[in-house]
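Work through the exercises below with the structure open beside you. Try each task before you read its solution.

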Amino acid sequence: MSKNTKEKFFMKEKSIGLGGVFTVSAAFILLGLLLLFIPQIKPLYLAYILSIAFIVVGIMWIVQYFLTESYRNINRYGFSAGTLLVVLGICAMLKAEEISTYFLLCMGFLIMVMGIVQLQNALDLMALNDPMWKIVLGLSLAVILCAIIIVMNPFQTTENLARFTYIIMVIDGIFGIASMIFLAISLKNYEKNQGIKADEIQIPVEDIEVVDIPPESEEEEKSHEI
């Protein structure tokens, strides 16, 4: 596979991957706000919503695998990861009542996963020489730390844990969308710069001057032979 073809696959794969991050981040913001202002919502309904979100994201990753021809790269496991998410979503839907009992713990682990995804976004920005990578790195580490706090549960009451979790969900959702926008802009600038560099090394045919070399005379040919 040529370098240009690999770059096209990379850009297409990243764009679809960013779409998955956007979906999860938007769901975090929506659920977090609903739970903050309407705490009467039953965790069982939220378990069903999360199960559906897992299935949707998993299907997106499976579609991404085929659209980007990831099978050409043995280091990509989008199909396996997507299938795993779909299976987990179906299992979570069937066990929604049990999951609702440990809803806050599950949300802590999901926030941690999103923080790790955003940590990779920071590394991608660093590889693209984008100065925003330091900010994204710091915020992603902060999100992971908050997720660990949720999982460890140092709070004295469940209400305080729930309020803290919902606030972090909203913050993580907003940060996820922001980091996605930063990465999308950086990828676009990178692709644009690559196109400019390619144009710089190309020499138009019309600019090539053809110089006619006159044939040598018989005396010059004899002098060369001597």
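The exercises that follow concern a predicted model.

**Exercise 1. Check the length of helix 6 against its span.**

Step 1. Helix 6 runs over 133-152. It has 20 residues.
Step 2. Take 1.5 Å a residue; the expected span is 28 Å. The expected span uses one less than the number of residues.
Step 3. The end C-alpha atoms of helix 6 are 28 Å apart, so the two values agree.

**Exercise 2. Find the buried side of helix 6 and the face turned away from it.**

Step 1. List the buried residues of helix 6: Val136, Ser140, Val143, Ile144, Cys146, Ala147 and Ile150.
Step 2. Look at their directions around the axis. They cover an arc of only 160°, which puts them on the same side of helix 6.
Step 3. Turn to the face directed away from that buried side. The exposed residues Lys134, Leu145 and Met152 sit there.

**Exercise 3. Is Ser140 buried or exposed, and which residues does it touch?**

Step 1. Locate Ser140 in helix 6.
Step 2. Its relative accessible area is 0%. Buried means under 20%, so Ser140 is buried.
Step 3. Leave out residues up to four places away in sequence. Ser140 then touches Gly115, Gln118, Leu119 and Phe175.

**Exercise 4. Describe the largest nonpolar core.**

Step 1. Count its members: the core has 28 residues.
Step 2. Name those with the most contacts inside it. They are Phe103, Met107, Ile111 and Tyr166.
Step 3. Ask which elements give two or more residues to this core. They are helix 1 (3-37), helix 2 (43-67), helix 5, helix 6 and helix 7.
Step 4. Follow one of these residues outward. Beyond four places in sequence, Ile111 touches Phe28, Val143, Ala147, Ile150, Thr165, Ile168, Met169 and Asp172.
Step 5. Set this beside a general tendency. In soluble globular proteins, nonpolar side chains tend to be buried together.

**Exercise 5. Which residues other than glycine have a positive phi here, among them one that follows helix 6?**

Step 1. Recall the background. Most residues other than glycine have a negative phi.
Step 2. Asn129 has a positive phi of about 60°. It is in the loop between helix 5 (103-127) and helix 6. With 69% relative accessibility, Asn129 is exposed.
Step 3. Asn153 comes after helix 6, and its phi is near 55°. It lies in the loop between helix 6 and helix 7. With 36% relative accessibility, Asn153 is partly exposed.

**Exercise 6. Find and classify the aromatic pair.**

Step 1. A search of the whole structure gives 1 aromatic pair.
Step 2. The partners are Phe155 and Phe164, with ring centres 5.2 Å apart.
Step 3. The ring planes meet at 45°, so the pair is tilted.
Step 4. Phe155 has 26% relative accessibility and is partly exposed. Phe164, at 22%, is also partly exposed.

**Exercise 7. How far apart in space are Ile181 and Phe22, and Lys95 and Tyr48?**

Step 1. Place Ile181 in helix 7 (residues 158-201). It is partly exposed, at 41%.
Step 2. Ile181 and Phe22 are separated by 159 residues in sequence, but their C-alpha atoms are 9.3 Å apart.
Step 3. Place Lys95 in the loop between helix 3 (78-94) and helix 4 (96-101). Lys95 is partly exposed, at 48%.
Step 4. Lys95 and Tyr48 are 47 residues apart in sequence, and their C-alpha atoms are 9.3 Å apart.

How values were computed. Residues numbered from 1 in each chain as written. Predicted model: local features only at pLDDT ≥ 70, side-chain atom pairs only at ≥ 80, totals over all residues. Heavy atoms only, no water. Phe/Tyr/Trp six-rings, centres within 6.5 Å; stacked < 30°, edge-to-face > 60°. Buried < 20%, exposed > 50% of the residue type's maximum accessible area, 1.4 Å probe, protein only. Helix = DSSP H or I, 4+ residues; strand = E, 2+ residues; numbered from the N terminus. Core = buried A, V, L, I, M, F, W, Y, C linked by side-chain atoms within 4.5 Å. Contact = heavy atoms within 4.5 Å. Arc of directions from axis to C-beta.
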